[in-house]
Amino acid sequence: MSLNNKSLFANIKYDLPAGLVVSLVALPLCLGIALASTGRSDLLFSGVIAGIVGGIVVGSLSGSSLGVAGPAAGLVVIVLNALDTLGSFEAFLLAVVLAGALQIIAGFLKAGIIGYYFPSSVIKGMLAAIGITLILKEIPHAFGYDADFMGDEAFAQKDGRNTFTEVWYSFRYNSTGAIIISAISLAMLILFDKPFMKRIQLFRYIPGALFVVITGVILNLVFGAAAPQWALSGEHMVQLPVASSAQEFFSFFKTPDFSAFSKPEVYTVALTLAIVASLETLLSVEATDRLDPFKRTTPTNRELIAQGTGNMVSGLLGGLPVTQVIVRSSANIDSGGRTRLSTIIHGTILLISAVFIARYLNYIPLASLAAILLMVGYKLAKFELFKGMYKLGLEQFIPFVVTIIAILSTDLLKGIGIGMVVAIYFILKKNHKHSYHYIKEEHRDGDVITLLLSEEVTFLNKGSISATLDNLPDGATVVIDGSKSMNIDYDVLEIIQDFKKHQAPLRNISVETRGVGEVEAVGAH
């Protein structure tokens, strides 16, 4: 019986610890993305709401076994611009609700099929690029230089710096306490990854990341007592808003401004959010499915509906827009998650944490969490991946490398777009070569040239077939054989028919067609 067909709680011994680790990783990411997206410390909780909804609501409705949804760094610029355009956070929340509705409609219209058309080389390049980005972005946090928000994935930062300058500054302005905590944390994670540790019963189901976080808290408390100059506080720690009363806690939630329905800008923002969030989700789904050790396939249309529902709920509660996020999904896989229960558990833990133990979570140093994300990044960008892609040939390796460079120097969606252009070029080049077989047979009364068309002949083959027909020798006898083709596009049929009826007679070329239908010409020749 497959994992998907078992009871939801059948793998709880794997999903519970994985969900706990993902919640610890997700918390600072939710807070960092909220601060970067809104620029307001009073709206930090909007990121936590999005994380809770992404875990509980999206996790419950999704067909993705290991994907984790929440606020995404890729939407930060869109959210910032939308807040400027709409003038209030409440009006923006209405746009989030409408974006969710558009995603649900897209899911029912089967738009999720787009997710199946991302080339493998680009998806693998995206995974490697995210891994390298994680390593570069988490080095400053591991060194105790926390000027940039945790979870930033873009090359250019809001403060005018970039990924590489941030690493340089972290070497100059660092914290001894953070370096000690992150170094010990990394050593523990490497140790826990060794096979002999898995044979110890205690560590078989308890992930090393949990021990890392506990160790980081204890070390920082020791520093506070024995070496205050090394102790971490303030921006170097998780900073979850703490409510002193139930009334203050509920004040963290906002409601949409429904009077903003009259603003045309709301619909523009909603459409932008729906498109970008859906693309990020479909990319993450494809990447997560490739990382899934059980090789399960996510139903993409159902995922769009789940994400849309999540965005509607998040917007109604005062949360940021959600997408499926590859970093949290990777952390889920690395922590041993088996089913979507781990995602639901992560959202539930975020909710419990926000309500009951917020002040205790603020004892967690970002350096500990940076070490966990450094390991996630390393596993996404292992040297073996580069070696394997190179062995597949330049048609796979070049789009892979271009995607990595493009994402590292811009952001996720722009990088994917550039990688797609390069991958499509190689696809077109390959189609140009393999649209037909050219067969030349010698006979006493003259040579016969046969063009045996491939099984699938699309508009992508139009150029190569047209060039071949143009280069046929005058006076030749030609057979265009489409009898083995399952499909021949109108564009190609039109070219063949035009050649047979108009060009061939002028060049004294005899043309016989087999299995190539007639088409009605549209427009003048």
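## Helices and the nonpolar patch

Helices are DSSP runs of at least four residues, numbered from the N terminus. In this predicted model, the helices α4 (89–108) and α12 (264–291) each supply at least two residues of a nonpolar patch on the surface. The patch, of about 990 Å², is made by L102, I105, L109, I113, I114, Y116, Y117, L271, I275 and L279, and α12 gives the most to this patch, with three residues.

## I114, a loop member of the patch

One of the residues that make the nonpolar patch is I114, whose place is in the loop between α4 and α5 (120–142). With a relative accessible area of 43%, I114 counts as partly exposed, because this term covers values between the 20% limit for buried and the 50% limit for exposed.

## How α12 meets α14

Two packed helices are described by the angle between their axes and the distance between the axes. For α12 and helix α14 (residues 326–334), the axes come within 10 Å and cross at roughly 15 degrees. Angles under 35 degrees count as roughly parallel, and α12 and α14 are therefore roughly parallel to each other, while their crossing is right-handed.

## G216 in helix α10

Helix α10 (residues 208–226) holds G216, and is this glycine buried or exposed? G216 is buried, with a relative accessible area of 0%, since buried means under 20%. Between G216 and A331 there is a separation of 115 residues in sequence and of 18 Å in space, taken from C-alpha to C-alpha.

How values were computed
Residues numbered from 1 in each chain as written. Predicted model: local features only at pLDDT ≥ 70, side-chain atom pairs only at ≥ 80, totals over all residues. Heavy atoms only, no water. Patch = residues over 30% accessible without salt bridge, like charges linked within 9 Å, V, L, I, M, F, W, Y side chains within 5 Å. Areas by Shrake-Rupley, 256 points an atom, 1.4 Å probe, with all protein chains shown as cover. Salt bridge = Lys/Arg side-chain N within 4 Å of Asp/Glu carboxyl O. Buried < 20%, exposed > 50% of the residue type's maximum accessible area, 1.4 Å probe, protein only. Axes fitted to C-alpha atoms, helices over the stretch in contact; angles between N-to-C directions. Parallel < 35°, antiparallel > 145°, perpendicular 65-115°, else oblique. Left-handed = near helix turned anticlockwise from the far one by under 90°.
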